[in-house]
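Here are a few exercises to work through with the coordinates open. Try each task yourself before reading its solution.

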Amino acid sequence: MFDYTKSILERVSFDPSLFCKELEKAIRTLLPYEIEQLREWLFDFTFEKPELKQCLLIVNS
């Protein structure tokens, strides 16, 4: 499920609001250890995409 979530987030990364919505959905469905993996992946993925940094608040809360 984690890999599927990553592929969805990569595909919608052009739109920050859609990215945040998909991220919220992912957090509801992923297991706790997968959420931790997602958090780490997001830090790397959003490093070059400052417009998506606001969505990190969803994962950190």
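**Exercise 1. The disulfide**

Is C55 buried or exposed? Begin there, then describe the disulfide that C55 belongs to.

*Solution.* Keep in mind that this is a predicted model.

Step 1. The relative accessible area of C55 is 1%. The cut-off for buried is under 20%, so C55 is buried.

Step 2. Look for the partner sulfur. C55 is joined to C20, with an S to S distance of 1.9 Å. The structure holds one disulfide.

Step 3. Place the two ends along the chain. The disulfide connects distant parts: C20 sits in helix α2 and C55 in the loop between α3 and α4, 35 residues apart.

Step 4. Read off the torsion. About the S-S bond of C20 and C55 it is about -85 degrees, so this disulfide is left-handed.

Step 5. Check the other cysteine. C20 has a relative accessible area of 14%, so C20 is buried as well.

**Exercise 2. Salt bridges within helices**

Find the salt bridges, and for each one work out where its two residues lie.

*Solution.* The cut-off to apply is a Lys or Arg side-chain nitrogen within 4 Å of a carboxyl oxygen of Asp or Glu. With it, the count is three salt bridges.

Step 1. Start in helix α1 (residues 2-11), which holds both K6 and D3. Their side chains form a salt bridge at 4.0 Å, N to O. The two residues are three apart, about one turn of the helix. K6 is partly exposed at 21% relative accessibility, while D3 is exposed at 56%.

Step 2. Move on to helix α2 (residues 16-29), where E22 and K25 are three residues apart and therefore separated by about one helical turn. The closest N and O atoms of this salt bridge are 3.1 Å apart. K25 is partly exposed, at 40%, whereas E22 is buried.

Step 3. Finish in helix α3 (residues 32-45) with E36 and R39, again three residues apart and about one helical turn from each other. Here the N to O distance is 2.6 Å. E36 is partly exposed at 37%, and R39 is partly exposed at 22%.

Step 4. Now for the spacing. An α-helix has 3.6 residues a turn, so residues three or four places apart point the same way.

**Exercise 3. The aromatic rings**

Which residues do ring pairs link into a cluster? Classify each pair by its geometry.

*Solution.* The cluster consists of F19, W41 and F45. A pair of aromatic rings is described by the distance of the centres and the angle of the planes.

Step 1. Count the pairs: the structure holds two aromatic pairs.

Step 2. Take F19 and F45, whose centres are 6.2 Å apart with 15 degrees between the planes, a stacked pair. This pair links distant parts of the chain, with F19 in helix α2 and F45 in helix α3, 26 residues apart. F19 is buried at 0% relative accessibility, and F45 is buried at 16%.

Step 3. Take W41 and F45 next: with centres 4.6 Å apart and planes at 15 degrees, this pair is also stacked, because planes under 30 degrees apart count as stacked. Both residues lie in helix α3, four residues apart, about one turn of the helix. W41 is buried, like F45.

Step 4. Inspect the face of the F45 ring. K49 lies over that face, at 4.6 Å from the ring centre.

**Exercise 4. The two sides of helix α2**

How many residues does α2 have, and what span does it reach? Then work out how its buried residues are arranged around the axis.

*Solution.*

Step 1. Helix α2 has 14 residues and reaches 20 Å from first C-alpha to last, close to the expected 20 Å at 1.5 Å a residue.

Step 2. List the buried residues of α2: F19, C20, E22, L23 and A26.

Step 3. Look down the axis of α2. The buried residues fall within an arc of 165 degrees, so they line one face of the helix.

Step 4. Turn to the other side of α2, where K21 and R28 are exposed.

Step 5. Tie this to the earlier exercises. Among the buried residues of α2, C20 forms the disulfide with C55, E22 forms a salt bridge with K25, and F19 pairs with F45.

How values were computed. Residues numbered from 1 in each chain as written. Predicted model: local features only at pLDDT ≥ 70, side-chain atom pairs only at ≥ 80, totals over all residues. Heavy atoms only, no water. Buried < 20%, exposed > 50% of the residue type's maximum accessible area, 1.4 Å probe, protein only. Disulfide = S-S within 2.5 Å. Phe/Tyr/Trp six-rings, centres within 6.5 Å; stacked < 30°, edge-to-face > 60°. Lys NZ or Arg CZ within 6 Å of the ring centre and 35° of its normal. Expected span 1.5 Å × (residues − 1). Arc of directions from axis to C-beta.
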